[in-house]
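Trainee: I have a model open and would like to go through it with you. Can we start with a glycine and work outwards?

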Amino acid sequence: INNIGLFTSGGDAPGMNAAIRAVVRTATYYNLQVTGIRRGYEGMINGEIFPMDGKSVANIIQRGGTILKTARSEQFRTPEGRKIAYEQLQKHGIDALVAIGGDGTFTGARAFGAEYDIPIVGLPGTIDNDLIGTDFTIGYDTAINTVIDAVDKIRDTAESHDRVFIVEVMGRDSGLIALRTGIASGAEAIVIPETETDLNALCNRLEHGRKDKSSKIVLVAEGDNAGGAFEIGRHIKERFPHYDTRVSILGHIQRGGRPSCMDRVLASRIGVAAVEALRNGHRNEMIGIIHNELSYTPFEHAIKHNVEINPNFLKIVEILSI
Ligand code: F6P
């Protein structure tokens with residue numbers, strides 16, 4: 001390989017810039033060219049392609065978002081769109097790709113790699129942590145720290161007003177953000193899509209907890225199967241009119257901000273590994289870290305939607321919220 005095309009795609013995640021920096025600098029270290037592609041697959045199709053060098057990634061390791069910008073591309077889902085994308089890569093002399101993103105990104109990479117003879121490796125970049133083949137995705141650690149910071153603040157006002165708060169966090173159809181931040185913020189209960197939610201049981205739990213508690217926090221993952229934070233709030237209000245209940249949706253604040261040290265180190269490690277993997281003949285694989293060791297997972301396996309949740313985590317919330 002001579003010229004690596006690099007792009008970010010799907011929802012941005014803190015630490016993507018650290019990964020971009022690592023890929024560009026490692027390629028430079030091995031005397032390879034790197035070509036930046038703006039706005040993911042969309043920019044690939046539109047020819048938003050430009051040369052990068054070690055200097056073009058100076059002073060970005062600490063910045064949230066992605067300097068390459070990102071997009072979700074409808075066109076790339078079609079064989080026609082992918083054909084144009086491939087022609088653009090050929091035109092710019094790109095002979096390998098590093099894709100940074102989540103399941104949508106790797107679904108696209110998988111289709112592309114099957115149709116065209118171009119080696120692609122992926123770096124897991126999503127706050128959701130919902131990929132198989134890595135303990136943590138780039139952005140997850142920063143996002144969960146943003147969540148606990150926000151929930152700690154909500155706890156202050158909840159405690160002052162003796163309120164029940166239903167706080168909704170992101171994660172699409174995964175409860176991994178809610179699960180971990182539920183423990184870390186001392187939530188009274190968590191609601192996640194991976195388990196069935198019985199709203200009456202949830203209410204019983206709130207009611208039968210310690211009586212002298214002045215605030216209660218229910219942490220809800222956005223993909224929950226109980227109808228969402230407002231519906232849960234409505235149910236609690238109906239059952240316990242004496243509770244002063246509020247709903248708070250944290251939203252896109254969870255995607256921004258300076259990446260944590262953990263995210264910067266993860267992104268740097270697997271960014272270096274991505275270039276080395278391409279040099280060693282890897283293709284169609286996502287690079288992650290499992291038990292502190294690099295791991296290589298075929299795209300089709302990485303995007304299987306069944307990242308298992310640790311049932312002990314649920315039990316921990318139950319035990320510690322009494
Ligand atoms: O995948 C990351 C994520 O932030 C999810 O947690 C969320 O469901 C989704 O992206 C929101 O996407 P958008 O910013 O396009 O609304």
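Mentor: Fine. Gly 102 sits in the loop between β4 (96-101) and α4 (103-115). Keep in mind that this is a predicted model.

Trainee: Does Gly 102 count as buried or exposed?

Mentor: Buried. The cut-off is 20 or more other C-beta atoms within 10 Å, and Gly 102 has 26 C-beta neighbours inside 10 Å, so it counts as buried.

Trainee: Which residues is Gly 102 in contact with, leaving aside neighbours within four places in sequence?

Mentor: Gly 10, Gly 11, Gly 125, Thr 126, Asp 128 and Leu 131.

Trainee: Take Gly 11 from that list. Where does Gly 11 lie?

Mentor: In another loop, the one between β1 (3-8) and α1 (16-29). Gly 11 has 21 C-beta neighbours inside 10 Å and therefore counts as buried. Beyond four places in sequence, Gly 11 is in contact with Gly 102, Thr 126 and Arg 255.

Trainee: What surrounds the ligand?

Mentor: Gly 11 and Gly 102 are both in that shell, along with Thr 126, Ile 127, Asp 128, Met 170, Gly 171, Arg 172, Glu 222 and Arg 255. By class, the shell residues divide into two nonpolar, four polar and four charged.

Trainee: And what does UniProt list for "binding site"?

Mentor: The unreviewed UniProt entry lists Gly 11, Arg 72, Ser 73, Gly 102, Asp 103, Gly 104 and Thr 105 under that heading. They span 95 residues in sequence, but no two of their C-alpha atoms are more than 13.3 Å apart, so they gather at one spot.

Trainee: Now the sheets. What is the strand order in the one with seven strands?

Mentor: The order is β3-β2-β1-β4-β5-β10-β11, in an open sheet with mixed pairing. The edges are β3 (49-52) and β11 (293-298); each has a single partner strand, so one side of each is left without a neighbour in the sheet. From one strand to the next, the twist averages 30°.

Trainee: Which way do β2 and β3 pair, parallel or antiparallel?

Mentor: Antiparallel, over four bridges, with β2 covering residues 33-37. In that pair, Thr 35 stands opposite Pro 51 in β3.

Trainee: Back to α4, which strands does it lie across?

Mentor: β4, β5 (120-124) and β10 (285-290). The helix runs at about 175° to β5.

Trainee: What about the sheet with four strands, is the pairing parallel or mixed?

Mentor: Parallel, in an open sheet ordered β7-β8-β6-β9. Its edge strands are β7 (189-191) and β9 (244-249), each with a single partner strand, so one side of each has no neighbour in the sheet. Neighbouring strands here are turned by 20° against each other on average, direction ignored.

Trainee: How many bridges join β7 and β8?

Mentor: Three, in the parallel sense, with β8 running over residues 216-221. Val 191 is placed opposite Val 220 in β8.

Trainee: Which helix lies across β6, β7, β8 and β9?

Mentor: α8 (residues 229-239), which runs at about 175° to β9.

Trainee: Last one, α6. How many of its nine residues are buried?

Mentor: Seven, so α6 (residues 176-184) is largely enclosed by the rest of the structure. Leu 176, Ile 177 and Arg 180 are among the buried residues of α6. What covers them includes α5 (140-161), β6, β7, β8 and α11 (311-320). After α6 comes Gly 186, with a positive phi near 70°.

Technical notes: Residues are numbered from 1 along each chain as its sequence is written. This is a predicted model: local features need pLDDT of at least 70, side-chain atom pairs count only at pLDDT 80 or more; totals for chains, interfaces and linings use all residues. Two strands pair if DSSP finds at least two bridges between them. Helices (H or I, at least four residues) and strands (E, at least two) are DSSP runs, numbered from the N terminus. Axes are lines fitted to C-alpha atoms, for helices over the stretch in contact, and angles run from 0 to 180 degrees between N-to-C directions. Two residues are in contact if their C-beta atoms, placed from the backbone, lie within 7 Å. A residue is near a molecule or strand if its C-beta atom, placed from the backbone, lies within 6 Å of it. Ala, Val, Leu, Ile, Met, Phe, Trp, Tyr, Cys and Pro count as nonpolar, Asp, Glu, Lys and Arg as charged, and the others, Gly among them, as polar. UniProt positions are given in the numbering used here, feature names are shortened, and annotations may be inferred rather than shown by experiment. A residue is buried if 20 or more other C-beta atoms lie within 10 Å of its own, exposed if 12 or fewer, and partly exposed in between; C-beta atoms are placed from the backbone.
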